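Q: Please take me closely through one part: the surface where protein meets DNA. Keep it to contacts, elements and residue classes.

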Number of protein chains: 2
Amino acid sequence: MSQSHDEIFRTLADPTRRAIFERLCRDGDQTVGALTAQAGISQPAVSKHLAILKRAGLVRDRHQGRQTHYSAELGALSPLIDWTSQMTGFWQSRFNQLEDLLKRMDQ
Amino acid sequence: MSQSHDEIFRTLADPTRRAIFERLCRDGDQTVGALTAQAGISQPAVSKHLAILKRAGLVRDRHQGRQTHYSAELGALSPLIDWTSQMTGFWQSRFNQLEDLLKRMDQ
DNA sequence: TTAATTCATAACCGATAAGCTATGGGTTAC
DNA sequence: GTAACCCATAGCTTATCGGTTATGAATTAA
């Protein structure tokens, strides 16, 4: 059903991962070292988070010499946006149904 | 920083919990029994999920006799929507900065 | 009053996940 | 060539989490 939803939600559920992603959105391209410097955890932990973010399509990596640059992939947020508008949309549709019902009762 | 973000993301990260929330959005008010019938897990598990959803503000409960009705609280999705637009907004701002830079270089 | 129903809580178990250290592969500097 | 640097992977430990069964509290039905 919502396989892509699942991975995105699970990936963004971790605060450290969200912080990394937010950093990439705010400041653009960053190396692993730069991300580690502010993450407050070890470099391997950061690499692991980046691998998970990459697997979810939320980031891209670009190898340049011995360092790897990561950047946010905003398109991957679409399922999230779609999901929320679908949820609110469901409500709208139920609301409209109620409206129609009231309108019919009024006549 | 993102305390409310954290709880919402963590809460919606579980597929069972999302399914329950989606059901409430689609079909409106539901009793625990009705939700259990389609959840594929035990009633205590459903109650536990509902407690977590409630703690996150995503659902409201209404006691009626010996049964409890739950309904979706769509307003609780605002932080999620705000977060995503903030992320894309960061990109826009950086894009505009780049645009400005290019414009300045052009002159 | 007694029995049945509906839901919540408690106690426990297995799996998952996030952190660490150690290590290795690849690249640049000396 | 050797050393230093950057990053990824492996292996391990611990904590969290989602599920279960058992039980209790509250309400309705008989």
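A: A polar contact is a pair of N or O atoms within 3.5 Å; within protein, one must be able to donate a hydrogen and the other to accept it, and residues adjacent in sequence count only if both atoms are side-chain atoms. The model is predicted, so local features need pLDDT of at least 70 and side-chain atom pairs pLDDT 80 or more, while totals for chains, interfaces and linings use all residues. Residues are numbered from 1 along each chain as written, chains are lettered from A and ligands numbered from 1 in written order, and side-chain values use heavy atoms, without hydrogens or water.

Start with DNA strand C. A polar side-chain atom of Ser47(B) sits 2.5 Å from one of its phosphate oxygens. Two other contacts go to bases. Lys48(A) places a polar side-chain atom 2.8 Å from a base oxygen of DNA strand C. Gln43(B) has a polar side-chain atom 2.8 Å from a base nitrogen of this strand.

Around DNA strand C there are 22 residues (near means a heavy atom within 4 Å). Ser42(A), Lys48(A), His49(A), Ser47(B) and Tyr70(B) are the closest. Sugar or phosphate makes up 63% of the strand C atoms within 4 Å of the protein; the rest belong to bases.

Both chains build this surface. At least two residues each come from H2 (15–27) and H4 of chain A, and from H3, H4 and strand S3 (67–72) of chain B (DSSP runs numbered from the N terminus: helices are H or I, at least four residues; strands are E, at least two). H4(A) gives the most, five residues. By class there are seven nonpolar, ten polar and five charged residues (nonpolar: Ala, Val, Leu, Ile, Met, Phe, Trp, Tyr, Cys, Pro; charged: Asp, Glu, Lys, Arg; polar: the others, Gly among them).

Two of these elements pack on each other. H2(A) and H4(A) have axes 10 Å apart, at about 75 degrees (axes are lines fitted to C-alpha atoms, for helices over the stretch in contact; angles run from 0 to 180 degrees between N-to-C directions). H2(A) is therefore roughly perpendicular to H4(A) (65 to 115 degrees; under 35 is roughly parallel, over 145 roughly antiparallel, the rest oblique). In H2(A), Thr16(A), Arg17(A) and Ile20(A) make the contact (heavy atoms within 4.5 Å). H4(A) answers with Val46(A), His49(A), Leu50(A), Ile52(A) and Leu53(A). Five of the contact residues are nonpolar, two polar and one charged. His49(A) takes part in this packing and is also among the residues closest to DNA strand C.

Now DNA strand D. Of the 21 residues around it, Ser47(A), Tyr70(A), Ser42(B), Lys48(B) and His49(B) come nearest. Sugar and phosphate account for 63% of the strand D atoms within 4 Å of the protein. A polar backbone atom of Gly33(A) is 2.8 Å from a phosphate oxygen. Thr16(B) brings a side-chain N or O atom to 3.3 Å from a phosphate oxygen of this strand. Thr68(A) has a polar side-chain atom 3.4 Å from a sugar or linking oxygen.

H3 (32–39), H4 (43–55) and S3 (67–72) of chain A each supply at least two residues here, as do H2 (15–27) and H4 (43–55) of chain B. H4(B) gives the most, four residues. The classes are six nonpolar, ten polar and five charged.
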